[in-house]
Amino acid sequence: MPFLKPAFAAAPQRWIFILLLAGLALAAYHRVGTLNFVNLDDPHYLTHNPMVAAGLSWEGVRQAFSLQVGVFGLWMPLTWLSLMLDVSLFGMNPGAMHGVNLFFHVLNVILLFHLALRLIGRPWAAFFAAALFAVHPQHVEAVAWVTERKELLSTLFGLMALRGHLRYVERPSPGRMVATAGWFFLSLSAKPMWAAFPLLLLLLDLHPLGRRDGGRMVLEKFPLFLLAALFSVIPLLGFELTPLQRLPVEDRLAQTIWAYAEYFRQTLAAWDLSPYHPYPDGGIPWSRAMPAALALAGVLGGSAWLAWRGRPWFGVGVLGFMILLLPVSGLIQGGQWVLTADRYSYPAHAMLFVGATAGAAEWLEAHPAWRRGVMMGCGLLLLLAMLSTWRQVSFWRDGESLWTQVIRHYPQDSLAWFQLGNHYLDAQRPDLALAPLTLAVERAPGNPHYRLSLALARLETGNHEGAAPLLQGLRKDEAYREVSGLVRGAMALTRAGRLDEADAFWERIGSLAAPRSDEAVEAAFQRAMNGLRRGEGEGGGGEAMRRFFADHPETAAKVCGSSRQEGRDGELLAARCRESGRSLP
């Protein structure tokens, strides 16, 4: 077809471009192999996720395709399978898993170069679009964060679906449409970020593909619209939508306008980015949305004027960018919503960069005197972007560097201080955790999670009196029903020797946990152990453990058959096991 350019330039030139692109990406991201996991979703997806930690197995495959294992409302079996395969190959190795992320990023860069070349037909323009995609600083979040494997996989298969559509347009056939739908399904199975993909295809059908049969263009994409609708509904099963009464349409519109303008701004001013952007208190008022609306109107109006002048590529890039951001634009909200996130721009930038470079290339053809200056400017832009990306990668080294960078941008955000303190707690540095956790509680005194972590830090540093009121308030807070948090508090009180207070926690845990569940059994066992610790195995303490053995014979057999307790606790428990006639290791 005349509107589709040859698939590649001459073979030697093609491979030179590909090697240059891979080299740029590796130069910008070569340090990802030294990064650790961070306490931003990595525990949910990886380190504390039993399904992933077990590696690839038939049971894991079954769970991956189950609707019950979604995290934050997402159904993403392909991402789960990828992470489980990583664990089977490398173990829970952060360096290797970050390396796999970089591998997928390089694949996306090369694939985008191939698609841009087919759409634009100008090798250097296609190279620059792919090179900017390779080193743009906003993409660090998708590459340097193992949890965002889903963004990389979704984009990989989304680009493959776009390639499938180009092949279909070149020579329509049912097989090629099925292939396009198959790639689209895989993209959605990694993450439904490309849910607006059918709308993007309609845009590309108009330009550069030059198709004008509107009825056929829509009808042939019916399977794609059906897949998009299905994968848009699945997340709604995982979290509660924000009702219109709490966030009216006009407020959603203000937030959407502001978010779109912010994505454009960050694309142009991508230096010293924050890894996390908290949701502003009170949302986005129209006093902030109106300037954003005027800026967006200017961008769209300028694109329309260029299209009227016969240069539609800028408009294609802008509209393609906005279409791919539609699922995270804020019109529909639920769960833990953030207004903007750098990772969301990863797939959308593919279309923006292709459109912008194609439009610039067309302009240069009409103004050849500017060619040398523009080429030098492009080279300088790539260098600055690569340096910014290289710097941005360092902020993902660990939880300390990540949350310190967030605090630099948002010093009043309580979550950032809380997560920094939790990083220190996980690193067994409760002395360093005290200051950030104190600030978190001061900024959000009603948050029980913050109070629990501060109490644990105080207990670990010997400040039992300072921890007591925080823990007692937590135990009596009926709104706080997170069993794992209460278990942490109970264990900390036990280690501090405050057995009566620990028992009150175990009693609350037992009332919240399902009968005969692991948590309920653990609560009963710990209360019995505290009885032994108080009475040194005599009187009431021994009787509590006898009752536990009688009520939970299977658990008693496991406890007595293992070296679960050491030191004085082990001696007390061994005496009860011998008394009950159970074998010891």
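1. The expected span of a helix is 1.5 Å times one less than its number of residues, and this rule can be applied to α18 in the present model, which is a predicted one. Helix α18 has 24 residues and should therefore span 34 Å, and the 35 Å that separates its end C-alpha atoms agrees with that expectation. Its buried residues are Leu382, Ala385, Met386, Ser388, Thr389, Gln392 and Val393.

2. Helix α9, formed by residues 149-170, can be considered in the same terms: it has 22 residues and reaches 32 Å from its first C-alpha to its last, close to the 32 Å expected at 1.5 Å a residue. This helix is mostly covered, since 19 of its 22 residues are buried.

3. The second largest pocket contains about 670 Å³ of space. It is lined by 24 residues, of which Leu132, Thr267, Leu268, Leu352 and Phe353 are the closest to its centre. At least two lining residues come from each of the helices α7 (123-135), α14 (249-268), α16 (313-324), α17 (345-366) and α18 (371-394), and α18 supplies the largest share, namely five residues. Sorted by class, the lining of this pocket has 18 nonpolar, five polar and one charged residues.

4. Within helix α17 sits Val354, and a reader may ask whether Val354 is buried or exposed. The cut-off for buried is a relative accessible area under 20%; Val354 has a value of 2%, and it is therefore buried. Once its neighbours within four places in sequence are left aside, Val354 is in contact with Leu112, Ala116, Ile120, Ala129 and Trp313. The model also places Val354 and Ala130 at 7.9 Å from C-alpha to C-alpha, although 224 residues separate them in sequence.

5. The largest nonpolar core has 151 residues, and the members that touch the most others are Phe113, Phe184, Phe197, Leu200, Leu325 and Trp396. Helix α6, residues 94-120, contributes the largest share of this core, with 13 residues. As a general background to such an arrangement, nonpolar side chains tend to be buried together in soluble globular proteins.

6. Leu200 can be followed further through its individual partners: when residues up to four places away in sequence are not counted, Leu200 touches Trp194, Gly320, Ile323, Leu324 and Met351. There is also a second, separate core, which has 15 residues and includes Ala528, Met529, Ala544 and Cys560.

Notes. Residues numbered from 1 in each chain as written. Predicted model: local features only at pLDDT ≥ 70, side-chain atom pairs only at ≥ 80, totals over all residues. Heavy atoms only, no water. 1 Å grid on protein atoms, 1.4 Å probe; cavity = no way out; pocket = protein on both sides within 12 Å on 5 of 7 lines; lining within 4 Å. Points joined across faces, edges and corners; volume = space filled by probe spheres on them. Helix = DSSP H or I, 4+ residues; strand = E, 2+ residues; numbered from the N terminus. Nonpolar A, V, L, I, M, F, W, Y, C, P; charged D, E, K, R; others polar. Buried < 20%, exposed > 50% of the residue type's maximum accessible area, 1.4 Å probe, protein only. Contact = heavy atoms within 4.5 Å. Core = buried A, V, L, I, M, F, W, Y, C linked by side-chain atoms within 4.5 Å.
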